[in-house]
Amino acid sequence: MVIRYRLILLTCLLVLAACNHNQPGKDSQLALLKTMNPNPVVTDKTKDSDGVDEIKKDVSSLPEIYDVAVVKGKKDTLVVYKVKHLHRFKMKKIEKNINKMLEKKYPKENFTVSSDYKIFLETVRLDERMKSAKFSHREAEKQFKKIVNMTDNKK
Amino acid sequence: MMESKQKKQNTTLQQRNYQQLQQKHEIKRPVLKNCIKAFFVGGLICVIGQAVSYFYIYFFNFTEQSVGNPTVATMVFFSMLLTGFGVYDRLGQFGGAGSAVPVTGFGNAVISAAIEHRTEGFVLGVGGNMFKLAGSVILFGVFSAFVVALIKTLLIIWGVL
């Protein structure tokens with residue numbers, strides 16, 4: 001009986017491993033589990049990504065944070081980050097500090113800050129879609145607004 | 001303390017000898033072993049819960065804040081099914097508190113009481129006794145949530161938060 005169970009388990013493992021082989025995987029598949037460090041995204045084609053890079057660098061410099069994604073839309077700028085495990089007790093304080101720092105350094109920008117995994121996943125997906133030629137800037141802006149709305153619903 | 005001393009004095013020599021003999025042969029409770037088992041079983045249930053919440057975040061429109069409700073519902077449903085099939089009882093025997101403390105223990109408490117009183121009929125048996133164990137969990141859960149909400153409201157009114 002035990003041998004039969006082991007054989008079934010082994011067969012399942014082999015079949016699953018075979019199915020996984022050489023499949024083109026997307027980065028976003030593991031966005032919840034590992035550090036992604038996605039490139040900053042600008043949905044407005046008239047703006048360049050220099051300022052966004054700087055925002056990302058500033059937020060990444062905080063010791064409690066390990067993964068930052070920045071998306072710049074027409075009006076808003078979305079900053080999403082992951083907090084290191086032992087610092088997750090101070091999430092509100094960290095969010096407050098980031099908001100303060102960004103408002104002080106970039107007073108003209110309108111920031112939306114979030115540490116939610118879902119928002120992070122959606123920004124990584126947006127980054128992936130932006131790479132394909134079929135995805136226009138207009139669609140990107142629409143998707144960006146959807147993500148920003150998600151952070152509003154959260155509150 | 002006094003009562004136990006009096007009880008000791010009331011026992012006969014033969015009874016005391018028997019008690020000593022019993023204590024000598026009594027198997028000691030493996031507390032450390034039980035704690036380790038509970039730690040791993042509880043941890044395993046929590047890992048499954050985390051996987052379920054990641055599943056909801058990844059495939060559905062739930063954010064980290066809103067994913068708690070469907071995850072809890074799923075975990076309770078799974079534990080109810082496993083209790084019905086008689087699997088969770090074995091896990092409970094092995095893991096002890098590790099299987100009772102997570103939210104899955106709630107599902108187990110509801111269904112095990114329902115199964116136990118099934119012979120007394122559906123209305124007075126199953127319906128009346130289903131929440132015999134889980135009822136206290138709901139009562140004290142709701143009451144403590146009310147107290148915490150009251151404290152938070154007062155702190156907000158006073159401007160502390």
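**Close-up views of chains A and B**

**Figure 1. Helices H3(B) and H4(B) lie oblique to each other.** Welcome to the first close-up, taken from a predicted model. Helix H4 of chain B covers residues 68-85, and the axes of H3(B) and H4(B) come within 9 Å, crossing at roughly 130°. An angle between 115 and 145 degrees counts as oblique, so this pair earns that label. The crossing of H3(B) past H4(B) is right-handed. On the H3(B) side, the residues that meet H4(B) are B:Gly49, B:Val52, B:Ser53 and B:Tyr56. Their partners in H4(B) are B:Pro70, B:Thr71, B:Thr74 and B:Met75. Sorted by class, this contact holds 4 nonpolar and 4 polar residues, with no charged ones.

**Figure 2. Helix H3 of chain B also meets helix H5 of chain B.** Here H3(B), residues 31-59, is shown with H5(B), residues 87-95. Their axes come within 8 Å of each other and cross at roughly 140°. That angle makes H3(B) oblique to H5(B), because a pair has to exceed 145 degrees to count as roughly antiparallel. From H3(B), the contact uses B:Lys37, B:Ala38, B:Val41 and B:Gly42. H5(B) answers with B:Leu91, B:Phe94 and B:Gly95. In terms of class, there are 4 nonpolar, 2 polar and 1 charged residues in this contact.

**Figure 3. B:Phe78 sits in helix H4 of chain B.** For your bearings, look for this phenylalanine along H4(B). B:Phe78 has 17 C-beta neighbours inside 10 Å and therefore counts as partly exposed. A residue would need 20 or more such neighbours to be called buried. B:Lys33 makes a handy second landmark: 45 residues separate B:Lys33 from B:Phe78 in sequence, and their C-alpha atoms are 27 Å apart.

**Figure 4. A:Asp53 belongs to helix H2 of chain A.** This helix spans residues 50-60. A:Asp53 has 13 C-beta neighbours inside 10 Å, which means that A:Asp53 is partly exposed. The cut-off for an exposed residue is 12 or fewer. Along the chain, A:Val70 is 17 residues away from A:Asp53, yet the two C-alpha atoms are separated by 8.2 Å.

**Figure 5. A:Asn37 has a positive phi value.** If you check its backbone, you will find phi near 50°, in a residue other than glycine. A:Asn37 is found in the loop that links helix H1 (2-20) to strand E1 (41-42) of chain A. With 12 other C-beta atoms within 10 Å, A:Asn37 is exposed.

**Figure 6. Chain A combines helices and strands.** Stepping back from single residues, chain A has 5 helices and 4 strands. Reading from the N terminus, their order is α-β-α-β-β-α-β-α-α. Of the 155 residues in chain A, 27% are buried. Among contacts in chain A between residues at least 6 apart in sequence, 64% join residues at least 24 apart.

**Figure 7. Chains A and B touch each other.** The contact brings together 8 residues from chain A and 7 residues from chain B. By class, the chain B side consists of 4 nonpolar, 2 polar and 1 charged residues. As for confidence, the mean pLDDT of chain B is 92, with 94% of its residues at 70 or more. The model as a whole scores ipTM 0.79 and pTM 0.79.

Definitions and conventions. Residues numbered from 1 in each chain as written. Chains lettered and ligands numbered in written order. Predicted model: local features only at pLDDT ≥ 70, side-chain atom pairs only at ≥ 80, totals over all residues. Contact = placed C-beta atoms within 7 Å. Nonpolar A, V, L, I, M, F, W, Y, C, P; charged D, E, K, R; others polar. pLDDT = per-residue confidence, 0-100. Helix = DSSP H or I, 4+ residues; strand = E, 2+ residues; numbered from the N terminus. Axes fitted to C-alpha atoms, helices over the stretch in contact; angles between N-to-C directions. Parallel < 35°, antiparallel > 145°, perpendicular 65-115°, else oblique. Left-handed = near helix turned anticlockwise from the far one by under 90°.
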